[in-house]
Amino acid sequence: WLAHTHVAFWQILPLVPTDPSGCPYSSWSALAGNPLLIDLSELHAVGLLASDPSSELADNEQWVDFGKARDTREPLLREAAARFAREPEHPWRPLYEQFCERADWLDDVADFVAIRETQDNRPWWDWPLELRDRHEGALEDIRQAQVHARERARIIQFFFDHQWARLRRYANARGVEIVGDLPLYVCEDSVDVWAHREQFLFGENGRPSHVAGAPPDAFSETGQLWGNPLYDWPGMAQDDYDWWKRRVARSLELTDWVRLDHFRG
């Protein structure tokens, strides 16, 4: 439709997992893809779901019930991932292995998802000290105990990445370029902060010493308190902003252009 109407740019919201309300600006990962965007009908077509769920997933054309979407789709994604894990000869297997090799953020995501499952989805600062502070022995123990949960998280991320890459190629082949959206700040309860706390301004109590917001203006008389941890820019300079380079590079794997949201912040 965009190609037919000669629209050359398609601007999208962040593709990251959303918060419970469906907001992609408060995500538990700045690099992972949103599992709710995965096309389940294709998973059925390639033998990973017993039946085509499309008739059960017909959404309202104007409104999205995010709670219903999660409750309906997540069990099916688990089923498809489990079947894929049991089929080493599946045609997608080489693509999955290539994805795991190049996605340097994937192991942290798998760790975070697996640990959250054992901690009733509590924020990472409420986890046991050894997990909160990433003690290597505790991480290795949880990796062994949660090996299936970690693999499931990796496979589901592959499903998203594989399908989105094909959609992007389809758009590009028709002269449509995708403009991505990269929020300047990340959520405190995210794998990004948990795995890279040294990149942010944290106090001795293990919580952010400074958080993001906006001063009073015409939009808000009292300003806004966003609560995102602020970056330790002098610390980031020590490795030539490697964290930011990898974040932007990941965004450019998914889209042709990247818009930095709230850059003024």
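Here are a few exercises on this predicted model, each with a worked solution.

**Exercise 1. Work out how the chain is built and whether its overall size fits a globular protein.**

Start with the secondary structure: there are 10 helices and 5 strands in the chain. Next, take the radius of gyration, which is 20 Å. The globule rule gives 18 Å for 265 residues, and the two values are close, so the chain is as compact as a globular protein of that length. For the dimensions, look at the C-alpha trace, which spans about 50 × 50 × 35 Å along its principal axes. Then check the inside: 45% of the 265 residues count as buried. Last come the contacts. Taking those with a separation of 6 or more, 70% join residues 24 or more positions apart.

**Exercise 2. Find how many cavities of 30 Å³ or more there are, and describe the largest.**

Rolling a probe the size of a water molecule over the atoms shows where empty space is left. In this model that turns up 3 cavities of 30 Å³ or more. The largest has a volume of about 280 Å³. Its lining is made of 27 residues, and Pro14, Val16, Ala30, Asp181 and Pro183 are the closest to its centre. Now see which elements take part: strand S2 (177–183) and helix H10 (242–254) each give at least two lining residues. Finally, sort the lining by class, and you get 17 nonpolar, 6 polar and 4 charged residues.

**Exercise 3. Do the same for the second largest cavity.**

Begin with the volume, about 140 Å³. Then go to the walls, where 13 residues form the lining; nearest the centre are Leu31, Trp105, Asp192, His196 and Arg246. Helix H4 (106–118), helix H8 (191–195) and H10 each supply at least two of the lining residues. You've met H10 already, in the lining of the largest cavity. By class, the second lining splits into 7 nonpolar, 2 polar and 4 charged residues.

**Exercise 4. Count the disulfides, then decide whether Cys23 and Cys100 are buried or partly exposed.**

A disulfide is a covalent bond between the sulfur atoms of two cysteines. The count here is 0. Take Cys23 as a check: the nearest cysteine sulfur belongs to Cys187 and is 9.7 Å away, while a disulfide needs the pair within 2.5 Å. Now for exposure. Buried means under 20% relative accessible area. Cys23 has 26%, so this residue is partly exposed. Cys100 has 19%, so this one is buried.

Conventions
Residues numbered from 1 in each chain as written. Predicted model: local features only at pLDDT ≥ 70, side-chain atom pairs only at ≥ 80, totals over all residues. Heavy atoms only, no water. 1 Å grid on protein atoms, 1.4 Å probe; cavity = no way out; pocket = protein on both sides within 12 Å on 5 of 7 lines; lining within 4 Å. Points joined across faces, edges and corners; volume = space filled by probe spheres on them. Helix = DSSP H or I, 4+ residues; strand = E, 2+ residues; numbered from the N terminus. Nonpolar A, V, L, I, M, F, W, Y, C, P; charged D, E, K, R; others polar. Buried < 20%, exposed > 50% of the residue type's maximum accessible area, 1.4 Å probe, protein only. Rg over C-alpha atoms; globule rule 2.2 N^0.38 Å. Contact = heavy atoms within 4.5 Å.
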